[in-house]
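User: I am learning to read models like this one. For each label, please give me the value and the cut-off behind it.

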Amino acid sequence: SGVLEDPEVRAMLQGHQLQESTFQAIMRKFDHEQNGGLRFDAYVALSIQLATVHRVFTSYDRQRTGQVTLDFDTFLAATLSCSGYGGYGQHELGGGQAPRRGGDGRRYDLPHGYGAYNG
């Protein structure tokens, strides 16, 4: 049919340990027809996005624990680099150095595969 159905998309993502709500958010973003599957172009776009997010995440996860702690500034820079804004590279993102604590003292923890705020 030229469309990856829901079970096939789930199988593709199974190594990322995503929560159901994260999977649903991915489908809402990449299933442009909202028919429960991904066309080839959406699959390619998702694959590129996952590779980019994984690259940025692993640059901070130096000990390969599947978790990193970032302050807001670093989290924002990482988010911008994943979305293609700002031309941030590894050097600009700090190259995986220990996060700085922001002026407000809040930190942002990113479990493997998705982001979550811990304020």
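User: Why is Glu33 called partly exposed?

Analyst: This is a predicted model, and its values are computed from it. Glu33 has a relative accessible area of 41%. Buried means under 20% and exposed means over 50%. The value for Glu33 lies in between, so the label is partly exposed.

User: What makes Glu33 and Arg39 a salt bridge?

Analyst: The limit is 4 Å between a side-chain nitrogen of Lys or Arg and a carboxyl oxygen of Asp or Glu. Arg39 and Glu33 meet at 2.5 Å, N to O, so the pair is within the limit. Arg39 is partly exposed as well, with a relative accessible area of 34%.

User: How many salt bridges are there in the structure, and which residues do they join into one network?

Analyst: There are four. Those that share partners join Asp6, Arg10 and Glu20 into one network. One link is between Arg10 and Asp6, at 2.6 Å, N to O. Both of these residues lie in helix H1, four residues apart, which is about one turn of the helix. An α-helix has 3.6 residues a turn, so residues three or four places apart point the same way. Another link is between Glu20 and Arg10, at 2.8 Å, N to O. Glu20 belongs to helix H2 and Arg10 to helix H1, so this pair ties together parts that are 10 residues apart in sequence.

User: Are the three members of that network buried, partly exposed or exposed?

Analyst: Asp6 has 25% relative accessible area, Arg10 has 33% and Glu20 has 41%. Each value lies between 20% and 50%, so each residue is called partly exposed.

User: How do you know which side of helix H2 the buried residues line?

Analyst: The buried residues of H2 (residues 20-30) are Thr22, Phe23, Ile26, Met27 and Phe30. Seen down the axis of the helix, they fall within an arc of 140°, so they line one face of H2. On the other side of H2, Arg28 and Lys29 are exposed. The cover over the buried residues includes helix H1 (6-13), strand S2 (37-39) and H3.

User: What makes a set of residues a nonpolar core, and which residues form the largest one here?

Analyst: The members must be buried, of a nonpolar kind such as Leu or Phe, and joined through side-chain atoms within 4.5 Å. The largest such set has 10 residues: Val9, Leu13, Phe23, Ile26, Met27, Phe30, Leu38, Ala42, Leu46 and Leu50. Helices H1, H2 and H3 each supply at least two of them. H2 gives the largest share, four residues. There is also a second, separate core of seven residues, including Phe57, Tyr60, Leu70 and Cys82. In soluble globular proteins, nonpolar side chains tend to be buried together.

User: Why does Ala42 count as buried?

Analyst: Its relative accessibility is 3%. The cut-off for buried is under 20%, so Ala42 meets it. Ala42 is found in helix H3. Apart from neighbours within four places in sequence, Ala42 is in contact with Phe30 and His32. Its C-alpha atom and that of Asp31 are 7.0 Å apart, although 11 residues separate the two along the chain.

User: What does Leu46 touch?

Analyst: With neighbours within four places in sequence left aside, Leu46 is in contact with Met12, Ile26, Phe30 and Leu38.

User: Is Ile48 buried or exposed, and how do you know?

Analyst: Ile48 lies in helix H3 (residues 40-60). Its relative accessible area is 52%. Exposed means over 50%, so Ile48 is exposed. Together with Phe40 and Val44, Ile48 makes a nonpolar surface patch of about 300 Å².

User: How much of the protein chain is buried, and what pattern does the chain follow?

Analyst: Buried residues make up 29% of its 119 residues. The chain has four helices and four strands, and along the sequence they follow the pattern β-α-α-β-α-β-α-β. The chain exposes about 7,500 Å², of which carbon and sulfur atoms supply 52%.

Technical notes: Residues are numbered from 1 along each chain as its sequence is written. This is a predicted model: local features need pLDDT of at least 70, side-chain atom pairs count only at pLDDT 80 or more; totals for chains, interfaces and linings use all residues. Side-chain values use heavy atoms; hydrogens and water are left out. Patches are made of residues with over 30% relative accessible area and no salt bridge: like charges are joined within 9 Å, nonpolar side chains (Val, Leu, Ile, Met, Phe, Trp, Tyr) within 5 Å. Accessible areas come from the Shrake-Rupley method with a 1.4 Å probe; for residues, only the protein chains shown count as cover. Helices (H or I, at least four residues) and strands (E, at least two) are DSSP runs, numbered from the N terminus. Buried means under 20% relative accessible area, exposed over 50%, partly exposed in between (1.4 Å probe, protein chains only). The arc is that of the directions from the helix axis to the C-beta atoms. Contact means heavy atoms within 4.5 Å.
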